[in-house]
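Biologist: I'm new to reading models like this one, and I'd love a close look at a single part. Could you pick one stretch and walk me through it slowly, with its surroundings?

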Amino acid sequence: MTTDAADDRTATSKSQLAYEWLRDRIVTHRFTPGYRLVLSQLAAELGVSTVPVREAIRRLEAEGLVTYEKNVGAQVALVDEGEYVTTMQTLAVVEGAATGFSAPLLTVEDLAKARAINQRMRDTLEHFDPRRFTELNEEFHAVLFLRCPNEHMTDLVRRGWSRLRMLRDSTFGFVPGRAVQSVEEHDHLIHLIETGADSIEIELAARHHRTATLDAFLTSQHAQRRP
């Protein structure tokens, strides 16, 4: 390996390290919306130059997790309820479509894995942990769109998930009663796939599943605002 190739590999690994480190702090809310990302400070904390940090911030900006404002610099993206709503609406469409495309290609083993995850979700209901439920929920849906042949579509789904992690720690923390319905709807999705339902029927069921969570959240929020 030449010196230049080794240097390129080192630069790439440092950029990836900076990206993962920053992304983890954003999605776990240690860096909250509006938090300024000062290159020199972050580089010093990571023990690298500002170059890989800048590259990492550009990647996070492309994902919508970071914004860049003139005279302010890079900061963790600001969020509001409207953005949460539009993110959920968009995710309902792309995740539903990805699931519909994936459904005919899922194996018996894939469905067994999805069912096992859903059972773990059901097991959490008695002593409910919203964050853990949300983690399992992502695992479940990741299995269902695993075989989607459209990589661009699955990338959009994962970007939507990244946005949701920053916007809300867990929607189920606001509407815990929705968790029971969610598990039941998961059973229905598995049944549709197992019985060979049309892809469009599966897509619409997956879309409704996502929008039902959004509707429950909005109903809860509106109820809290009533005098």
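Modeller: Let's zoom in on helix 8 and follow what comes before, beside and after it.

Keep in mind that this is a predicted model. To get your bearings, the chain has 9 helices and 2 strands. Reading from the N terminus, the order is α-α-α-β-β-α-α-α-α-α-α. The C-alpha atoms fit in a box of roughly 60 × 55 × 30 Å along the principal axes. Of the 227 residues, 44% count as buried. Take the contacts between residues at a separation of 6 or more: 74% of them join residues 24 or more positions apart. Keep that in mind when we meet partners from elsewhere in the sequence.

Now for helix 8 itself. How many residues does helix 8 have? There are 17, and the helix reaches 24 Å from its first C-alpha to its last, close to the 24 Å expected at 1.5 Å a residue. Its buried residues are Arg178, Ala179, Ser182, Val183, His186, Leu189, Ile190, Leu192 and Ile193. Here's a handy bit of background: an α-helix has 3.6 residues a turn, so residues three or four places apart point the same way.

Let's stop at His186, which sits in helix 8. Is His186 buried or exposed? It counts as buried because its relative accessibility is 0%, and the cut-off for buried is under 20%. Who does His186 touch, if we skip residues up to four places away in sequence? The partners are Asn118, Met121, Asn137, Phe140, His141 and His209. With one of these, His141, there is also a polar contact: the two side chains meet at 3.2 Å.

Two of those partners, Asn118 and Met121, take us to a neighbour, since both are among the buried residues of helix 5. The others on that list are Asp110, Leu111, Ala114 and Ile117. Seen down the axis of helix 5, the buried residues fall within an arc of 120 degrees, so they line one face of the helix. What do they pack against? The answer is helix 6 (130–144) and helix 8 (178–194). Turn helix 5 around, and the face away from its buried side carries the exposed residues Val108, Glu109, Lys113 and Asp123. As for its length, helix 5 has 16 residues (108–123), which should span 22 Å at 1.5 Å a residue; the end C-alpha atoms are 23 Å apart, so the two values agree.

Back to helix 8, and on past its end. Just after the helix, Gly196 takes a positive phi of about 75 degrees. Next comes Ala197, in the loop between helix 8 and helix 9. Ala197 is buried because its relative accessible area is 19%, and buried means under 20%. Leaving out residues up to four places away, Ala197 touches Leu192 and Ile202. Leu192 is one of the buried residues of helix 8 that we listed above. The C-alpha atoms of Ala197 and Pro104 are separated by 9.0 Å, although the two residues are 93 apart along the chain.

Pro104 comes up again with Ser199, which belongs to helix 9 (residues 199–225). Not counting residues up to four places away, Ser199 touches Gly100 and Pro104. The side chain of Ser199 also reaches the backbone oxygen of Gly100, at 3.3 Å. Buried or exposed, which word suits Ser199? Neither one quite does: with a relative accessible area of 30%, Ser199 is partly exposed. For a feel of the distances, the C-alpha atoms of Ser199 and Glu20 are 35 Å apart, with their positions 179 residues apart along the chain.

Further along helix 9 we find Ser220. Unlike the partly exposed Ser199, Ser220 is buried, with a relative accessible area of 15%. Which residues is Ser220 in contact with, once its neighbours within four places are set aside? They are Phe174 and Val175.

So here's the picture to take away. His186 is fully counted among the buried residues of helix 8, and the buried residues of helix 5 pack against helix 6 and helix 8. After helix 8 come Gly196 with its positive phi and the loop residue Ala197, and Ser199 lies in helix 9. Try tracing that path on the model yourself.

Key:
Residues numbered from 1 in each chain as written. Predicted model: local features only at pLDDT ≥ 70, side-chain atom pairs only at ≥ 80, totals over all residues. Heavy atoms only, no water. Helix = DSSP H or I, 4+ residues; strand = E, 2+ residues; numbered from the N terminus. Expected span 1.5 Å × (residues − 1). Buried < 20%, exposed > 50% of the residue type's maximum accessible area, 1.4 Å probe, protein only. Arc of directions from axis to C-beta. Contact = heavy atoms within 4.5 Å. Polar contact = N/O pair within 3.5 Å; in protein donor to acceptor, adjacent residues only side chain to side chain.
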